[in-house]
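Trainee: Could you take me through one part of this protein at close range? I'd like to look at the pocket, and then at what sits around it.

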Amino acid sequence: MSVAVVCPGSFDPITLGHLDVIRRAAARFDAVVVAVLENPRKQGLFSAEERIALIEAEVDDLAAVTVERFEGLLVDFCTARGIRLVCKGLRAVSDFEYELQMAQMNQRIGGVETLFMSTSPEHSYLSSSLVKEVARHGGSIEGTVPPRVAAALHAKLG
Ligand code: PNS
């Protein structure tokens, strides 16, 4: 039986922590769909197209991974593709409360189950927001995002 999983997120932009989870999911499932949220109510630094292009460049070597945009409910995205599993990285206890709420809601409204993958310890402090803040103020973001993403951040932020 072939098992597919969705790795959802804003990915604004993708970090090494996200990539670690996607790569580890790709090693354990037959197919991984990275679902990039386009939220009309929240303007990101990168457009959905830019975020998707940045992710695609990083997962180019992984045949099992595809990248798609989504709007609306995650469970609708999953159901439309016949996927019943979501995989999310958990960094710390502080992530858990909100992630658990979302997982329980997704289970209730769509019968979609969530598997939590512990992030690798070296990435547990990483978030897209922090990386953007550091980059915005000229700090070093080396080792937090792939070099192509760092270049895109520097180009965007000047
Ligand atoms: O990168 P993030 O912010 O952790 O990703 C959160 C995301 C995109 C997975 C979550 O906000 C989401 O699934 N949004 C889609 C809307 C939705 O389905 N909301 C109900 C979840 S209970």
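Mentor: Here is a walk through the pocket, some residues around the chain, and one pair of helices.

Keep in mind that this is a predicted model, so what follows is computed from predicted coordinates.

Let's start with the space itself. The largest pocket has a volume of about 1,500 Å³. Its lining is made up of 50 residues, and the ones nearest the centre are P8, G9, S10, L37 and K88. Quite a few elements chip in: β1 (4–9), α1 (16–26), α2 (48–58), β4 (85–90), α4 (93–110), β5 (113–118) and α5 (128–136) each give two or more residues to the lining. Helix α4 supplies the largest share, with eight residues. As for chemistry, the lining has 21 nonpolar residues, 18 polar ones and eleven charged ones.

Now go to the loop between β1 and α1, where you'll find F11 and also P13. Two backbone details are worth a look here. F11 has a phi near 50 degrees, which is a positive value in a residue other than glycine. Then the peptide bond running from D12 to P13 is cis, with its omega near 0 degrees. F11 is also tucked away: its relative accessibility is 4%, so it counts as buried.

From F11 you can step across to R51, because the two are in contact. R51 lies in helix α2. You might expect to look for an arginine on the outside, but R51 has a relative accessibility of 7%, so it counts as buried. What does R51 touch, leaving aside its neighbours within four places in sequence? Its partners are S10, F11 and D12, then V36, L37 and E38, and also F46. Two of those names, S10 and L37, came up before among the residues nearest the centre of the pocket. For a sense of scale, the C-alpha atoms of R51 and V86 are separated by 20 Å, with their positions 35 residues apart along the chain.

Next, α4, the helix with the largest share of the lining. E99 belongs to this helix. Its relative accessible area is 10%, and therefore E99 is buried. Beyond the residues up to four places away in sequence, E99 touches K88, L90 and F116. K88 is another of the residues nearest the pocket centre. E99 and T114 are 15 residues apart along the chain, and their C-alpha atoms are separated by 9.2 Å.

The loop between β5 and α5 holds two residues to pick out, T119 and H123. T119 counts as buried because its relative accessibility is 12%. Not counting residues up to four places away in sequence, T119 touches D20, V21 and R24, along with G89, L90, R91 and S124. H123 is buried too, since its relative accessible area is 12%. Outside its neighbours within four places in sequence, H123 is in contact with L16, G17 and D20. Notice that D20 turns up in the contacts of T119 and in those of H123.

Carry on into helix α5 and you reach V134. This one has a relative accessibility of 35%, so V134 counts as partly exposed. Setting aside residues up to four places away in sequence, V134 touches G139, S140 and I141.

Last stop: back to α2, the helix that carries R51, to see how it packs. Two packed helices are described by the angle between their axes and the distance between the axes. Here the partner is helix α6 (residues 147–157), and the axes of α2 and α6 come within 10 Å and cross at roughly 155 degrees. That angle makes α2 roughly antiparallel to α6, because anything over 145 degrees counts that way. On the α2 side the contact uses E50, L54, A57 and E58, and these meet R148, V149, A152 and K156 in α6. Sorted by class, this contact has four nonpolar residues, four charged ones and no polar ones.

How values were computed: Residues are numbered from 1 along each chain as its sequence is written. This is a predicted model: local features need pLDDT of at least 70, side-chain atom pairs count only at pLDDT 80 or more; totals for chains, interfaces and linings use all residues. Side-chain values use heavy atoms; hydrogens and water are left out. On a 1 Å grid over the protein atoms alone, a cavity is a set of points where a 1.4 Å probe fits but cannot get out, and a pocket is an open set with protein on both sides within 12 Å along at least five of seven lines; lining residues have an atom within 4 Å of a point. Grid points are joined across faces, edges and corners, and a volume is the space filled by probe spheres set on the points. Helices (H or I, at least four residues) and strands (E, at least two) are DSSP runs, numbered from the N terminus. Ala, Val, Leu, Ile, Met, Phe, Trp, Tyr, Cys and Pro count as nonpolar, Asp, Glu, Lys and Arg as charged, and the others, Gly among them, as polar. Axes are lines fitted to C-alpha atoms, for helices over the stretch in contact, and angles run from 0 to 180 degrees between N-to-C directions. Angles under 35 degrees count as roughly parallel, over 145 as roughly antiparallel, 65 to 115 as roughly perpendicular and the rest as oblique. Contact means heavy atoms within 4.5 Å. Buried means under 20% relative accessible area, exposed over 50%, partly exposed in between (1.4 Å probe, protein chains only).
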